Every structure is written in C-alpha cells, then in structure tokens.
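Please open the structure in your viewer and keep the sequence panel in sight, since each stop on this tour begins with something to select.

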Amino acid sequence: MSRFAGKVAVVTGAAQGIGAATALRLAEEGAAVAVVDLTAERAAATVEAITAKGGTARAYGCDVADYGAVEAVFATVAEEMGGLHILVNNAGITRDNLFFKMPKADWDAVLTVNLTSAYNCSHVAQKYMVAQKYGKIVSLSSRSALGNRGQANYAAAKAGIQGLTATLAIELGPYNINVNAVAPGYIATAMTAATAERVGASAEDHQALAAERTPLRRVGQPEEVAAVVVFLAGEDASYVSGQTLYVNGGAR
Ligand SMILES: NC(=O)c1ccc[n+]([C@@H]2O[C@H](COP(=O)([O-])OP(=O)(O)OC[C@H]3O[C@@H](n4cnc5c(N)ncnc54)[C@H](O)[C@@H]3O)[C@@H](O)[C@H]2O)c1
C-alpha cells in the first residue's frame, strides 16, 4: 500500500512509543519520514526499523520546545527529503504531582514541551503547507484533557492542544490543510511505565488496573494510536478537520 507516496511526514518524539509506531506506519504506507527526537542518535533505531522494511526515513535531532531549532530542522527536512506535507505533533513529557506540590518548573516544562512545541512545529510547518496548498497536522492530546488527578499541568497542555487544533482548522482550512488531534487513553509505553514506577507499581500491575477500568478491558498499544493518526493524515479523512478523536477503549 502506498497511499502516502510522494509525501514527506515529520513525526516528533518518534524515537519510541506512539511516535515510533506512527513513523513506522506512515513509512510502511509510502511516506518519507523525518524521525525527530531530542537527538538524532535517539531517533536512529526508528530509522533503522523503517529502512529494514524497505521504507524511507532520516533521523533529526531537535528540541521541539525551541522555535529556532524547529525552524532550522524543518528547513533541512524540506530540502533533504523534498517537502513537508504531514506533521505529527507527538513529542511529550509528564511531570506528575498533586497541584499543591507542583513546582512552577514542572508546570512550565510540561506546558512548553506538550503545548508550546505544537505551536512551534505547526507555526513553522504551516508556511510550507500554505505555500503548497496541502497539509495535514495531527497532534497528540490525551484523555487527561478531561481532568486527571496529579496531572494539572499535563491536562492543561492536552486540553490546550484541542483548542489549538479547533482554531488552526478554522484558520488553515482555506489552504487545504486538515488539522486534527488524537486523545489516547492508557497506552503501554515508556511514559506509562514511568508513571507506574512513580506510584510504586510494576508496569504489569499498573496496566491491569487501567484495563479493569476500561470497557474493552485492556490497555491500548502504540500501533492502535498510530493507525488513527495515520487515518487522520490520509485522504480517507479528507473532510475531517478540527476534531479530537478519543482512542481510549471506550472509557467515558
Ligand atoms: N502513553 C500514553 O498512555 C499516552 C496517552 C495519551 C497521550 N499520550 C501522548 O502521546 C505522545 C507520545 O507518548 P508516548 O507514551 O509514546 O511517550 P514516550 O515518553 O514513550 O515518548 C515520547 C518521546 O518524545 C521525545 N521528546 C520529549 N521531549 C522532547 C522534545 N523537547 N523535543 C523532541 N522530542 C522530545 C522523547 O525523547 C520520547 O522519544 C505524547 O504527547 C503523550 O503525551 C500518551
């Protein structure tokens, strides 16, 4: 299948987890993928996995919280890979704490990496997309946007992603740019494993507890989020814009 033939996709935070699964899936379906993470070394394993399967990918080191770095790296991507058609704002971090104990630095870090980075990357990418009158932006929100104990910073950032998405869809729609978000529930990745460790549980026990609370009675896998991101980045979703799609096993 090559529904993304001729398209260049940038996936941020693609060294592991949901970003890596998304990069792999986009490449499997014909996109040339810029695998962006904090360092090119971190991104190398995803590039190897893609090229081992016959796909096209390159690793780029970029702190997406740094506007100047994003500008420079996206220019290099466009030059080396032949454009910029799809942007997946996936890079994210957590610094969980009850609000009364939450240091300002942890508020700032989570807002910057999860929300301001989406401003940075979308703002730089839209210049290429508007010029070519084609673009797809998909950002990672979270079920936590609806509220989650210990995650005031993360919930605020992920709710911000939904507002940013709805507004960019209005402003960029006239240029044939679709802007959507995906809001996963509990997905088994290093991020949720770190949360388990923080609360003193094993990854397995923590997942079992989350599974019990989920109608589908299991946690999600990165590939199940990647499939929805790729749907929103493709022409099957050509008339979908401004939406946040929950991928959370049926939890309300
Ligand atoms: N895992 C879940 O249950 C879950 C649920 C809802 C939403 N999400 C969101 O999905 C996205 C991916 O989550 P994941 O579980 O795969 O996380 P992860 O921690 O496994 O991977 C995140 C990646 O982002 C990279 N990254 C962090 N800061 C960066 C920066 N400043 N610049 C560039 N790269 C940076 C990390 O190096 C890492 O490779 C995140 O936005 C996360 O908030 C995850």
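Begin by selecting Gly250, which counts as partly exposed because its relative accessibility is 42% (buried means under 20% relative accessible area, exposed over 50%, and partly exposed in between, with a 1.4 Å probe and protein chains only). Gly250 sits in the segment after β7 (244–247), where helices (H or I, at least four residues) and strands (E, at least two) are DSSP runs numbered from the N terminus. Add Leu216 to the selection: the two residues are 34 apart along the chain, while their C-alpha atoms are separated by 6.6 Å.

Before moving on, note that this is a predicted model, in which local features need pLDDT of at least 70 and side-chain atom pairs count only at pLDDT 80 or more, whereas totals for chains, interfaces and linings use all residues. Residues are numbered from 1 along each chain as its sequence is written, and side-chain values use heavy atoms, with hydrogens and water left out.

**The ligand and its shell**

Next, select the ligand and display the residues near it, that is, those with a heavy atom within 4 Å. There are 30 residues around the ligand, and the closest are Asp37, Asn90, Tyr154, Ile187 and Thr189. If you colour this shell by class, you should find 15 nonpolar, eleven polar and four charged residues; here Ala, Val, Leu, Ile, Met, Phe, Trp, Tyr, Cys and Pro count as nonpolar, Asp, Glu, Lys and Arg as charged, and the others, Gly among them, as polar. The helices α1 (17–28), α4 (104–132), α5 (152–172) and α6 (190–198) each supply at least two residues of the shell, and α6 gives the largest share, three residues.

Now look for polar contacts, which are pairs of N or O atoms within 3.5 Å (within protein, one must be able to donate a hydrogen and the other to accept it, and residues adjacent in sequence count only if both atoms are side-chain atoms). An N or O atom in the side chain of Arg42 is 2.9 Å from an oxygen atom of the ligand, and a polar side-chain atom of Lys158 also lies 2.9 Å from a ligand oxygen. With Asn90 the partner is a backbone N or O atom, which lies 2.7 Å from an oxygen atom of the ligand. The protein covers 94% of the 840 Å² of accessible area that the ligand has on its own, as computed by the Shrake-Rupley method with a 1.4 Å probe, where for residues only the protein chains shown count as cover.

**The loop between β4 and α4**

Stay with Asn90, which is placed in the loop between β4 and α4. Is Asn90 buried or exposed? Asn90 counts as buried because its relative accessibility is 11%. Leaving out residues up to four places away in sequence, Asn90 touches Thr12, Gly13, Ile18, Gly19 and Leu140, a contact being heavy atoms within 4.5 Å.

Ile93 has its place in the loop between β4 and α4 as well. Apart from its neighbours within four places in sequence, Ile93 is in contact with Ala109, Val110, Val113, Asn114, Tyr154 and Met191.

**The nonpolar cores**

Hide the ligand and turn to the interior, bearing in mind that in soluble globular proteins nonpolar side chains tend to be buried together. A nonpolar core is a set of buried Ala, Val, Leu, Ile, Met, Phe, Trp, Tyr and Cys residues joined through side-chain atoms within 4.5 Å. The largest such core has 29 residues, of which Leu26, Val33, Val35, Val182 and Val225 touch the most other members. Among the elements that each supply at least two residues of this core are β1 (8–12), β2 (32–37) and α8 (222–233), and α8 contributes the largest share, six residues. A second, separate core has 26 residues, including Ala34, Cys62, Leu87 and Ala169.

**Two helices and two loops**

Select Ser117 in helix α4, which counts as buried because its relative accessibility is 5%. Gln162, for its part, is in helix α5, and its C-alpha is 8.9 Å from that of Ala183, although the two are 21 residues apart in sequence.

Finish with Lys133, in the loop between α4 and β5, and Asn176, in the loop between α5 and β6 (177–184). Phi of Lys133 is near 50 degrees, a positive value in a residue other than glycine, and phi of Asn176, again a positive value in a residue other than glycine, is near 65 degrees.
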